[in-house]
Amino acid sequence: MRNLIFVLLICLGTISEVYGQDFELKKISFQGNKTLTQRELYSVIVSRQSPSKFWQILYKINERLGDKPQYLERIKLINDIINLRNYYLDNGFFDVKIDTLIDYNHEDKTANLTFLIQEGQPYLIDKIEFTGFDEVPESLKAILFDFSVLKLGKRYRRIDVEAEIQRILNLLYDNGYPKAYVDRAKVRVFVDSLRKVVSVFVPFNPDGRFIIRDIKIFFEEPGRMKISEELITRELEFKSGELYNQSLILRSESNLAQIGLFEIVRIGVGQMEEKDTINFADINVSVVTRNKQDISPSIYFSDERNAFNVGVSLDYQNRNFLGGGRNFSASLRFQIQSLNLKNLPTLTDTISAGLIETNLKLNQPYLLGRRIPSEFSLSLMIDKQKNYTLNIARNRVRFIYKPSDEYSGFFDWDIEGIDIRFQKAVDPLLEKLYQRQLNSILTLTFQIDRTDDLIYPRSGYAHLISVEEGGIVPYFLGMMGIKVLPFSQYYKFGWLYRRFFSLNNSVFAFKFKLGIANEFFIKSERKFELQPIPINRRFFAGGSASVRGWRVRELGTVPEPSLGGNVLIEGNFENRIIFWKNFGTVFFVDLGNLWDDLKYVKLNQFAVAAGFGFRYLTFFGGFRLDFGFKIYDPGSYTKLIFNKTAKQILKEMVFHIGVGQTF
């Protein structure tokens, strides 16, 4: 401690010489740190390097756009030395010495700060003494003392001690000890400066082992939907007579929340009875149910299919339909991509795009007596595009696997009938290619989401990978002698990757999208009437969430981009900045294109767009307005934007309205 005070006095004296002057802190560095990285050390100090002039200029324009200059401050420097020393102590360097070297430039009033560090020899763990387990069974003791992080002879780190304490407490909570705790005031780390070792002493108090005596279910606001106690008990992963287990209680809460019948679910310890030999505890399950039925009309905005949609819908929901926790829902919706009051849209016009859909869905939490969430749905859809209309009837069976909030998987089996009607006369060969077809489509989808926020992510990443197959089931049915309608044989792969980084006061976002589809043919003695990949299963480029220099479904190196392609590659780079309250702006660069086959992909065919946009953030995702410019148009005679006049650039500019973030 005397050394620390001495160092602080030196710093005070040094800084006091220039105190009162504003020296901009240009650089912070560390010397002598052999074990701990500069990044670690920088994270524990409060002084900060000044940003470059570019960010300072942006800061003067708007505080959220850039970053302000940083100055050398005496109080911060004192805190830095204390924080660094404590950080080294927590990492086993009890002989550490820290000094500072400040290089002043009085001409431009800047300073460079260097922390001079003598780490000394690291202290190793010589003894671990965790006490208080006299009443704990030997079988459980063996697991408790199987240290996974804290090891004898290893360098002492406080974080390792805390990790072991939490591991042991979790094991106690899951093995009948709901009241287990550590007496923090008595935790000791004894330092032997001669041998350079430490001894760790942690007193635990399991405080009695409890068996679940009774499970009591309470319905708060009982006037709402009636739910049987058996249904709630089915979702619980613990029973009377078992040892208290906190992990199973948390999983049971999650199970009840996921079936969608309750607004609030709480599970906690109720009355306890402590005896000499064994203790008992009641578990209270309190729920607030939702309404049995809901009808909800709505006007909505969506960013479906890379375009801004305005729609109206009517939704009906019947919870606990026929008991067992099933949910039945029905919906009817109309949506349109562009509304022209002078020319109201019809199903046969060539200027509007929209959708009419009705959907019936049954959510089944259990299947064949096992917890296998599944969905059964039937939908009828009229998908109207400018040049054609798709009439789609789909029957879907979906099985859901969601082990955690980060990971999820789906298996879909779609029986899908599709009929295309062109709005105007088209090439007879094209019309002959796209005839009515009935497909069986199997899709496997995996999703990993490790972003920090669902609506406005600032860091993290997410993957969405899907594999789709069409045609196998009707092929085998046909081979068995069963009559089948025309169908498509194809496979399809899709990968969507999103990545987010915090950058000063903004977020840098990146998206990569890859899609590959291809038809295949299985040789057989029987002749099948095979069709191309259905249009609704193909890829499209251009639009508000694609390459924003092009309108929706207008980009592609294919004969007719509105009919889609078989290969899609897209990359989007976006810098998101909030400049005032809920208002923000973005600067973006998009690239990509659409091809008929992977062998046609060439580097000089990637279209590039750039632009800017504005955002208004709300709790449900906000609105966006983007202006996209064609930087490189591979389909144009004047490919580069630099070869175009200002009038031509503005004429080709594409204006997008969207809901939520682009990706």
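**Views of a predicted protein chain**

The protein chain exposes about 35,600 Å², and carbon and sulfur atoms supply 57% of that area. Everything shown here comes from a predicted model.

**Figure 1. The whole chain, with its eleven helices and 26 strands.** Start here to get your bearings. The radius of gyration is 33 Å, whereas the globule rule gives 26 Å for 663 residues, so the protein chain is more spread out than a compact globule. Along the principal axes, the C-alpha atoms fill a box of roughly 95 × 80 × 55 Å. Of the 663 residues, 44% are buried. Sequence-distant partners are worth a look too: among contacts between residues at least 6 apart in sequence, 63% join residues at least 24 apart.

**Figure 2. Charges across the protein chain.** If you like to think about proteins in terms of their charged side chains, this view is for you. The chain carries 86 positive and 76 negative charges. The mean positions of these two sets are 4 Å apart.

**Figure 3. Arg-167 and its surroundings in helix α6.** Helix α6 spans residues 158-173, and Arg-167 is found within it. Is this arginine buried or exposed? Arg-167 has a relative accessible area of 19%, and since buried means under 20%, Arg-167 counts as buried. Two polar partners can be picked out around its side chain. One is the backbone oxygen of Leu-144, which lies 2.6 Å from a polar atom of the Arg-167 side chain. The other is Glu-164, whose side chain is joined to that of Arg-167 by a polar contact of 2.8 Å. Leaving aside residues up to four places away in sequence, Arg-167 touches Ile-143, Leu-144, Asp-146, Phe-147 and Ser-148. Leu-144 therefore appears twice in this view, as a residue touched by Arg-167 and as the owner of the backbone oxygen described above.

**Figure 4. Lys-109 in the loop between β2 and β3.** Strand β2 covers 97-105 and strand β3 covers 110-118, with Lys-109 in the loop between them. Look at the backbone here: Lys-109 is not a glycine, yet its phi is positive, at about 55 degrees. With a relative accessible area of 38%, Lys-109 is partly exposed.

**Figure 5. Lys-196 in the loop between β6 and β7.** Here is another lysine to inspect. Lys-196 sits between β6 (188-192) and β7 (197-205). What is the phi of Lys-196? The angle is near 60 degrees, a positive value in a residue other than glycine.

Notes: Residues numbered from 1 in each chain as written. Predicted model: local features only at pLDDT ≥ 70, side-chain atom pairs only at ≥ 80, totals over all residues. Heavy atoms only, no water. Helix = DSSP H or I, 4+ residues; strand = E, 2+ residues; numbered from the N terminus. Rg over C-alpha atoms; globule rule 2.2 N^0.38 Å. Buried < 20%, exposed > 50% of the residue type's maximum accessible area, 1.4 Å probe, protein only. Contact = heavy atoms within 4.5 Å. Areas by Shrake-Rupley, 256 points an atom, 1.4 Å probe, with all protein chains shown as cover. Lys, Arg positive; Asp, Glu negative; His and termini not counted. Charge placed at Lys NZ, Arg CZ, Asp CG, Glu CD. Polar contact = N/O pair within 3.5 Å; in protein donor to acceptor, adjacent residues only side chain to side chain.
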